Amino acid sequence: MFTALALLGIALLGLLQFAPSMFAEARGLMDGERLDMLGARAGIWGPVVIVTLMTVAVVASLIPSAPIALAAGAAYAHLWGTVQVVIGAALGALIAFGLA
């Protein structure tokens, strides 16, 4: 386990050394004004996509739900992002329970 973490750390440091422009681009994606603009441009489809992705992430456990929750909070603020994530998680739980 420790060896795998050490190799992962070395790989990340190497990536940071050789591809700093990639991280600069990722930082630009998390700009508050840009996220507000993307949320406004998405209209009603933004929350629908967040709820759908969260529902699928709960039903199909192969998809991690944490990045979806973080994206919802970043794009729609804490309150509305949380509301969307909770609705998606509840729908996913209902579907998973129905399938079981």
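## Starting at Leu 94

At 60% relative accessibility, Leu 94 counts as exposed, because exposed here means over 50% relative accessible area. This residue sits in helix α5, which covers residues 66–99. Please keep in mind, as you look at the structure, that this is a predicted model.

Leu 94 also has a partner to look for in another part of the chain. The C-alpha atoms of Leu 94 and Val 58 are separated by 9.7 Å, with their positions 36 residues apart along the chain. Val 58 belongs to helix α4. With a relative accessibility of 28%, Val 58 is partly exposed, so its value falls between the 20% limit for buried and the 50% limit for exposed.

## The chain as a whole

Stepping back, the protein chain contains 5 helices and 0 strands. Following the sequence from start to end gives the pattern α-α-α-α-α. Buried residues make up 17% of the 100 residues in the protein chain.

## How α4 and α5 meet

Helix α4 spans residues 45–59, and its axis lies 6 Å from that of α5 where the two pack, at an angle of about 45°. That angle makes α4 oblique to α5, because it is neither under 35 degrees, as roughly parallel would require, nor in the 65 to 115 range of roughly perpendicular. The crossing of these two helices, α4 and α5, is right-handed.

Some C-alpha pairs are handy for finding your way around this part of the model. Val 58 and Ala 90 are 32 residues apart along the chain, and their C-alpha atoms are separated by 8.7 Å. For Ile 87 and Val 51, which are 36 residues apart along the chain, the C-alpha separation is 6.5 Å. Ile 87 is found in helix α5.

## A nonpolar patch on the surface

Which residues form the nonpolar patch on the surface? They are Leu 79, Trp 80, Val 83, Ile 87, Leu 91 and Leu 94, and together they have about 610 Å² of accessible area. Leu 94, our starting point, is thus a member of this patch.

The members of the patch need not fall into one exposure class, as two of them show. Leu 94 is exposed, with a relative accessible area of 60%. Ile 87 is partly exposed, at 42%. Both values can belong to a patch because its residues need over 30% relative accessible area.

## Gly 73 and Ala 77 in helix α5

Two further residues in helix α5 are worth a visit. One is Gly 73, which lies in this helix and is partly exposed, with a relative accessible area of 23%. Its C-alpha atom and that of Val 83 are separated by 9.5 Å, and these two residues are 10 apart along the chain. Val 83 is also one of the residues in the nonpolar patch.

The other is Ala 77, again in helix α5. What is the phi of Ala 77? It is near 70°, a positive value in a residue other than glycine. Most residues other than glycine have a negative phi. Ala 77 is partly exposed, and its relative accessible area is 44%.

How values were computed
Residues are numbered from 1 along each chain as its sequence is written. This is a predicted model: local features need pLDDT of at least 70, side-chain atom pairs count only at pLDDT 80 or more; totals for chains, interfaces and linings use all residues. Side-chain values use heavy atoms; hydrogens and water are left out. Patches are made of residues with over 30% relative accessible area and no salt bridge: like charges are joined within 9 Å, nonpolar side chains (Val, Leu, Ile, Met, Phe, Trp, Tyr) within 5 Å. Accessible areas come from the Shrake-Rupley method with a 1.4 Å probe; for residues, only the protein chains shown count as cover. A salt bridge is a side-chain nitrogen of Lys or Arg within 4 Å of a carboxyl oxygen of Asp or Glu. Helices (H or I, at least four residues) and strands (E, at least two) are DSSP runs, numbered from the N terminus. Buried means under 20% relative accessible area, exposed over 50%, partly exposed in between (1.4 Å probe, protein chains only). Axes are lines fitted to C-alpha atoms, for helices over the stretch in contact, and angles run from 0 to 180 degrees between N-to-C directions. Angles under 35 degrees count as roughly parallel, over 145 as roughly antiparallel, 65 to 115 as roughly perpendicular and the rest as oblique. A crossing is left-handed if the near helix is turned anticlockwise from the far one by less than a right angle, and right-handed if clockwise.
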